[in-house]
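Student: I have a structure to read and do not know the terms yet. Please go through the labels and say what stands behind each.

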Amino acid sequence: MKILTGNSNRPLAEAISAYLNLPLVNASIRRFSDMEVFVEIQENIRGEDVFVVQSTSFPANDNLMELLVIMDALKRASARRITAVLPYYGYARQDRKSGSRTPISAKLVANLITTAGANRVLTVDLHAGQIQGFFDIPTDNLFAAPVLIKDIKERFHGENNLCMVSPDVGGVVRARAMAKRLNADLAIVDKRRERAGVSEVMNIIGEVKDMRCILVDDIVDSAGTLCNAAVALKEAGAASVSAYVTHGVLSGGAVARVSASPLESLVMTDSIQGTEAVRVSQTVRQLTIAPLLAEAMARVSEERSVSSLFD
């Protein structure tokens, strides 16, 4: 078993490497002057089971291309099996035709990854579970919920007025599953989105008065949805509002927006490497999913059950 990382989230790959006590593959991944990606594997990986850790986060196109070129290099170096480990699967929000003459980019990316040489994909909290069906190779979709739930239990220990809140109707299944495991109440924010990146909170379904509300989502990008939901929850009488999210895209002024909102804290995993704004923020913090990914990678390599991680 070998672990190789691209440049998108090296700290996470190093944490996985340390957990498994396996050194990262020695490789040179660099750019030519015109920004073409060049990869050189600097050790023998013939016949090896290689895991490539690379989030296709900002800059998404550069990191995706880097992943494809790395896998092509591994394939031509006769690696026995290549597993693309994507802590964050970019383009996942384009999983259907949202209008006339629009692409399904999540399927296109799946095709690119397969054609480049991946034999298997390991990812975390896909935006839509059916994206697994876009791949014609085995795909494991891990859940970050156990990591988030552990932190919630530690932080809200002894609280009996917890309420898990889905910021939109699409996230109800995720919020309900976490509410069940935490023995908490459930509420839903009914949201009407007028256009991409702009959301308007319309109504709250459920009782949130005097409750410690925890918003749960898979991706936070502009943070507009979370901040609007936090305002609506406070106006409805919530005692406090926090948010737990798997993937912190946090584009533009999202961190400043979160800091200025009623959110007491925004907790997310390190599936995407935190920016400087995230590192210095008093409101935003990251939890590591390195042990989760490392354990899943070890089980895949040893042909053991991955689903039993979540039993």
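The sheet comes first below, then the helix contacts.

Tutor: This is a predicted model, in which local features need pLDDT of at least 70, side-chain atom pairs count only at pLDDT 80 or more, and totals for chains, interfaces and linings use all residues. Residues are numbered from 1 along each chain as its sequence is written, and side-chain values use heavy atoms, with hydrogens and water left out.

Student: What makes S6 and S7 paired strands?

Tutor: A pair needs at least two bridges found by DSSP. Strand S6 (residues 120-124) has four bridges to S7, so the two count as paired. They run parallel, and Val121 stands opposite Thr139 in S7. Strands here are DSSP runs (E, at least two residues) and helices are runs of H or I with at least four residues, both numbered from the N terminus.

Student: In which order do the five strands of the open sheet stand?

Tutor: The order is S1-S4-S5-S6-S7, with parallel pairing. Strand S1 (2-5) and strand S7 (139-142) each have a single partner strand, so one side of each has no neighbour in the sheet. On average, neighbouring strands are turned by 20 degrees against each other, direction ignored.

Student: How do you know that helix H1 packs on the sheet?

Tutor: Helix H1 (residues 10-20) touches S1 and strand S4 (49-53); contact means heavy atoms within 4.5 Å. The direction of H1 makes about 165 degrees with that of S1. Such angles run from 0 to 180 degrees between N-to-C directions, and axes are lines fitted to C-alpha atoms, for helices over the stretch in contact.

Student: Why are H4 and H5 called oblique?

Tutor: Helix H4 (residues 145-155) and helix H5 (residues 172-182) pack at about 45 degrees, with axes 11 Å apart. Under 35 degrees counts as roughly parallel, over 145 as roughly antiparallel, 65 to 115 as roughly perpendicular, and the rest as oblique. The angle of about 45 degrees falls in the rest, so H4 is oblique to H5.

Student: Why are H1 and H9 oblique to each other?

Tutor: H1 and helix H9 (residues 290-301) pack at about 60 degrees, with axes 9 Å apart. That angle is also in the remaining class, and therefore the two are oblique.

Student: How do the residues of the contact of H1 with H9 divide by class?

Tutor: There are eleven nonpolar, no polar and one charged. Ala, Val, Leu, Ile, Met, Phe, Trp, Tyr, Cys and Pro count as nonpolar, Asp, Glu, Lys and Arg as charged, and the others, Gly among them, as polar.
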